[in-house]
Amino acid sequence: MDFNLSKKQQEVADNFRAFGEKIFTPEDVKRWCAGQGLPDEVVHEFADVYFNSCEFVDEFGVAHYDLVSKALILEELSRCAGTTLPFQHDFFDLEIIERFASDDTLRALLTNYRREGRLMFAVAISEADAGSDVMGIKTTARTVDDRILLNGEKSYVFNGEYSPYILVAAIDADDQSPSKHPHLSLWLVPSDTPGVRAYPIEKIGQAMVPFAAMKFINVEMKPEWRLNTREVSFPALFKILDTGRVFIAASCLGMAQGALEDAVAAAVKRRRFGRSVIEFQQISQLITDMEVRVQAMRGMLYKTAWQIDTQSEERRLSSALMKRFIPMTATQVASDAMQVIGSEGYTEQSRVARIWRDCRGNQLAEGTDQIMVKIATPLIAKRYCAEGEE
């Protein structure tokens with residue numbers, strides 16, 4: 001079994017490591033977190049590196065990276081920045097439009113992204129009352145007196161206040177045909193349409209990525225806003241959610257690696273009782289266990305990304321196990337890093353506190369730790385029951 005990255009994957013990692021180390025200085029990151037976003041020149045440069053580092057960009061503008069390479073990009077940038085960056089959300093949103101948008105819409109959105117470095121739409125799927133139960137969403141699109149009206153509320157919409165369009169997931173209330181799953185529809189709605197409202201969410205972490213709660217009150221829709229040229233369904237969306245979990249895990253891994261590096265540097269530098277603190281058994285054990293956890297996270301992330309790329313039968317289970325393990329373990333690594341660094345690690349001057357908050361938030365995103373158990377357990381039972389029957 002070959003555990004090495006391919007030559008191209010290593011080049012991608014090297015390119016984005018160089019980009020990240022140049023761009024994400026501690027002073028700039030702190031300033032950008034306070035301002036809740038990256039400046040235009042940074043996202044423009046990211047887009048240039050992203051598209052120019054790809055071997056194949058197709059006629060629609062899709063950059064064809066394998067999922068392992070995308071994970072490497074997010075890992076490297078998150079390590080350098082020590083915070084959650086907008087790019088993991090961009091990657092997830094790109095997956096949605098690449099899967100569901102028409103050719104013309106896809107081309108227009110990607111052309112704009114390559115030029116501006118920012119996506120011109122925000123994705124509104126999650127709802128406060130549904131949580132991790134995506135099929136429990138209540139937002140509906142319904143025809144009333146020959147008008148298609150959108151009504152509902154969405155939560156944690158990345159860039160919802162600022163994007164010119166909102167990609168809204170809604171139940172198609174007009175489709176009453178028998179189905180195992182509710183009938184899903186996706187709509188690309190101009191954010192200045194009457195009835196669209198956005199309200200900022202004040203989070204305790206992930207300051208670089210602004211989120212909004214959104215309301216849609218009798219929003220009159222145009223039929224051409226609907227993404228319906230390719231199959232739109234909950235099963236198809238679930239596959240994209242598995243990919244989105246890879247992006248979250250990659251970000252957590254990168255931040256955990258950064259926290260470990262900060263802890264080691266501090267433990268080597270700090271002296272107590274005439275010795276470097278890394279020589280103390282308790283500290284050396286913390287650092288060793290942090291390294292074990294980071295290596296375990298990395299192996300699980302790369303394996304899961306590879307399984308999704310190759311359409312392995314194990315990909316669904318691996319994705320759930322990865323999402324349960326990596327954000328939780330990254331939070332623990334960041335907590336241990338604060339313990340090694342000491343009281344300074346519990347201040348805004350030390351980035352490990354920011355890493356801890358950001359990783360903790362990722363235990364809720366794209367399905368909580370507990371929902372991953374619900375997904376994984378039947379798949380585990382099926383695996384071992386099948387093996388026992390053989």
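**End of H9.** I started just past H9, where Gly342 takes a positive phi of about 90 degrees. A note to self before going on: this is a predicted model, and I read each value below as computed from it.

I then checked the length of H9 itself. Its 27 residues should span 39 Å at 1.5 Å a residue, and the end C-alpha atoms sit 38 Å apart, so expectation and model agree.

**Asp336.** Still in H9 (residues 315-341), I looked up Asp336. Is Asp336 buried or exposed? Its relative accessibility is 8%, so I put Asp336 down as buried, the cut-off being under 20%. Which residues does Asp336 touch, if I skip those up to four places away in sequence? I found Leu286, Met290 and Arg293.

**H9 against H10.** Next I went to the packing of H9 with H10. The axes are 8 Å apart and the packing angle is about 160 degrees. That angle is over 145 degrees, so I call H9 and H10 roughly antiparallel. I have their crossing as left-handed.

I listed who makes the contact. From H9 come Lys323, Pro327, Ala330, Thr331, Ala334, Ser335, Ala337, Met338 and Ile341. H10 supplies Val352, Ala353, Ile355, Trp356, Cys359, Arg360 and Asn362. Sorted by class, I get 11 nonpolar, three polar and two charged residues.

**H10 on its own.** I ran the length check here too. H10 (residues 351-362) has 12 residues and should span 16 Å at 1.5 Å a residue; I find 17 Å between its end C-alpha atoms, which agrees.

Which residues of H10 are buried? My list reads Arg351, Val352, Ala353, Arg354, Ile355, Asp358, Cys359 and Asn362. I also wanted to know what covers them, and the cover includes H2, H4, H5, H7 and H9. Val352, Ala353, Ile355, Cys359 and Asn362 are on the buried list and also turn up in the contact with H9.

**H4 against H7.** H4 and H7 are both part of that cover, so I looked at how they meet each other. The axes of H4 (residues 67-81) and H7 (residues 234-269) come within 7 Å and cross at roughly 35 degrees. I noted this crossing as right-handed.

On the H4 side I have Leu67, Lys70, Ala71, Leu74, Glu75, Ser78 and Arg79. They meet a run of H7 residues: Thr243, Val246, Phe247, Ala250, Ser251, Leu253, Gly254, Met255, Gln257, Gly258 and Glu261. How do the residues of this contact divide by class? I count eight nonpolar, six polar and four charged.

**H5 against H6.** H5 is another helix in the cover of H10, and I looked up its pairing with H6. The axes of H5 (residues 87-100) and H6 (residues 103-116) come within 10 Å and cross at roughly 155 degrees. H5 and H6 are therefore roughly antiparallel to each other. The crossing is left-handed.

Asp90, Leu94, Ile97 and Glu98 of H5 make the contact with Leu106, Leu109, Leu110 and Tyr113 of H6. I sorted these into six nonpolar, no polar and two charged.

**Gln36.** After the helix pairs I went looking for positive phi outside glycine. Gln36 qualifies, with phi near 55 degrees. Where does Gln36 sit? I placed Gln36 in the loop between H2 (26-34) and H3 (40-52). With a relative accessibility of 37%, Gln36 counts as partly exposed.

Leaving aside neighbours within four places in sequence, I have Gln36 in contact with Ala207, Met208 and Pro210. I also took the separation from Arg324: 288 residues in sequence, and 27 Å in space from C-alpha to C-alpha.

**Asp146.** My last stop was Asp146, not a glycine but with a positive phi of about 65 degrees. Asp146 is in the loop between strand E2 (140-144) and strand E3 (147-158). Is Asp146 buried or exposed? I get a relative accessible area of 78% for Asp146, so exposed it is, the cut-off being over 50%.

Technical notes: Residues numbered from 1 in each chain as written. Predicted model: local features only at pLDDT ≥ 70, side-chain atom pairs only at ≥ 80, totals over all residues. Heavy atoms only, no water. Axes fitted to C-alpha atoms, helices over the stretch in contact; angles between N-to-C directions. Helix = DSSP H or I, 4+ residues; strand = E, 2+ residues; numbered from the N terminus. Parallel < 35°, antiparallel > 145°, perpendicular 65-115°, else oblique. Left-handed = near helix turned anticlockwise from the far one by under 90°. Contact = heavy atoms within 4.5 Å. Nonpolar A, V, L, I, M, F, W, Y, C, P; charged D, E, K, R; others polar. Buried < 20%, exposed > 50% of the residue type's maximum accessible area, 1.4 Å probe, protein only. Expected span 1.5 Å × (residues − 1).
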